[in-house]
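Here is a brief report on one protein chain. Look over the sequence and the structure first, then read on.

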Amino acid sequence: MLLYYFPSLIITLFQTGLWTEHFDYTSLVFPITYSCMLFLFTVSFYLFRQSGVNIVISFLFAFSIILGASAIYEPVFNIFYTYNGISGFYYESGMFAFSLSAFTSMKYWKFSHLFVIVSIIESILFLLWYYLAYGIPETYLSYQFLFNALTKIVMFLLFFLLIWEGTKNKRMSLDDRGYHI
């Protein structure tokens, strides 16, 4: 419904979430974010299909996963680097709504020991970024870029781990009679 009535709002929120609203896709981290999104979408779609999920539902699940992974990163980042005022409230609300979309595939998630370890690593990276290199990256050779890139990659890795572990026992071969289109 939101997409139908306010398509420009969704585009604006997504661009803001990727730091591209004001930079016309020149954000230093955008190629990393986009690559992570493509990788996670492709792998998620494949894993859902291997688990016997309908092709349309697999597509929707995979799309919601990448939307959630990219959106949940922003409120976590903004704990340290906040947006103020009413626009910040709308931004955070939009990112929260996008983050919730990832939960549509929760049936196929599993929290493993590795997920917990990677979550701790992600928390440590965010804290290091805050204490050692606070800010948004301006050059590729900055600590801000290094920490921004690492935390972004690890956030997508967390969602990959959820799906990888959650679909592990449900995956089947293409020759299995239960596999359907």
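The protein has 7 helices and 0 strands. Along the sequence, the pattern reads α-α-α-α-α-α-α. The model is predicted. Of the 181 residues in the protein, 44% are buried.

## Helix spans

Three helices can be set side by side.

| Helix | Residues | Length | C-alpha span, first to last | Expected span |
|---|---|---|---|---|
| H3 | 30-50 | 21 residues | 30 Å | 30 Å |
| H6 | 113-132 | 20 residues | 28 Å | 28 Å |
| H7 | 143-167 | 25 residues | 36 Å | 36 Å |

The reach of H3 is close to the value expected at 1.5 Å a residue. The reach of H6 is also close to its expected value. For H7, the distance between the end C-alpha atoms agrees with the expected span.

## Helix H3 and what follows

Many H3 residues are listed as buried. Among them are Phe30, Thr33, Cys36, Met37, Leu40 and Val43. The buried list of H3 also includes Ser44, Leu47, Phe48, Arg49 and Gln50. Just after H3, Gly52 adopts a positive phi of about 90°.

Phe48 also has a partner in space from elsewhere in the chain. Ser105 lies in the loop between H5 and H6. The C-alpha atoms of Ser105 and Phe48 are 9.3 Å apart, while 57 residues separate the two in sequence. Ser105 has a relative accessible area of 0%, so it counts as buried.

## Helix H6: two sides

Which residues of H6 are buried? They are Phe115, Val118, Glu122, Leu125, Phe126 and Trp129. These residues cover an arc of only 95° around the axis, so they sit on the same side of H6. The general rule is that an α-helix has 3.6 residues a turn, so residues three or four places apart point the same way.

The face of H6 turned away from the buried side carries the exposed residues His113, Tyr131 and Leu132. Tyr131 counts as exposed because its relative accessibility is 63%, and the cut-off for exposed is over 50%.

Tyr131 and Leu132 also belong to a nonpolar patch on the surface. The other members of the patch are Val116, Ile120, Ile124, Leu127, Leu128, Tyr130 and Tyr134. Together, the patch residues have about 900 Å² of accessible area.

## Helix H7: largely enclosed

Buried residues account for 18 of the 25 in H7, so this helix is largely enclosed by the rest of the structure. Leu162 is one of the residues found in H7. With 4% relative accessibility, Leu162 counts as buried.

Leu162 also connects the discussion back to H6. The C-alpha atoms of Leu162 and Phe115 are separated by 7.2 Å, although the two residues are 47 apart along the chain. Phe115 is one of the buried residues of H6.

## Aromatic pairs

The structure holds 15 aromatic pairs. One of them joins Phe61 and Tyr108. Their ring centres are 5.9 Å apart and their planes meet at 55°, so the pair is tilted. Phe61 is in helix H4 (residues 55-78), and Tyr108 is in the loop between H5 (85-101) and H6. The pair links distant parts of the chain, 47 residues apart. Both Phe61 and Tyr108 are buried.

Phe160 and Trp164 make a further pair. Their ring centres lie 5.8 Å apart with planes at 25°, so this pair is stacked. Phe160 and Trp164 are 4 residues apart in H7, so about one helical turn separates them. How does burial differ between the two partners? Phe160 counts as buried, at 18% relative accessibility. Trp164 is partly exposed, at 34%.

Ring pairs also build a cluster from Phe103, Trp109, Phe111, Phe115 and Phe159. Phe115 thus appears in the cluster and on the buried side of H6.

## The salt bridge

How many salt bridges are there? The count comes to 1. Lys168 forms it with Glu165, and the closest N and O atoms are 3.1 Å apart. Lys168 counts as partly exposed, at 40% relative accessibility. Glu165 is buried, at 17% relative accessible area.

Notes. Residues are numbered from 1 along each chain as its sequence is written. This is a predicted model: local features need pLDDT of at least 70, side-chain atom pairs count only at pLDDT 80 or more; totals for chains, interfaces and linings use all residues. Side-chain values use heavy atoms; hydrogens and water are left out. Patches are made of residues with over 30% relative accessible area and no salt bridge: like charges are joined within 9 Å, nonpolar side chains (Val, Leu, Ile, Met, Phe, Trp, Tyr) within 5 Å. Accessible areas come from the Shrake-Rupley method with a 1.4 Å probe; for residues, only the protein chains shown count as cover. A salt bridge is a side-chain nitrogen of Lys or Arg within 4 Å of a carboxyl oxygen of Asp or Glu. Helices (H or I, at least four residues) and strands (E, at least two) are DSSP runs, numbered from the N terminus. Buried means under 20% relative accessible area, exposed over 50%, partly exposed in between (1.4 Å probe, protein chains only). The expected span of a helix is 1.5 Å times one less than its number of residues. The arc is that of the directions from the helix axis to the C-beta atoms. Rings of Phe, Tyr and Trp (its six-membered ring) pair if their centres lie within 6.5 Å; planes under 30 degrees apart count as stacked, over 60 as edge-to-face and the rest as tilted.
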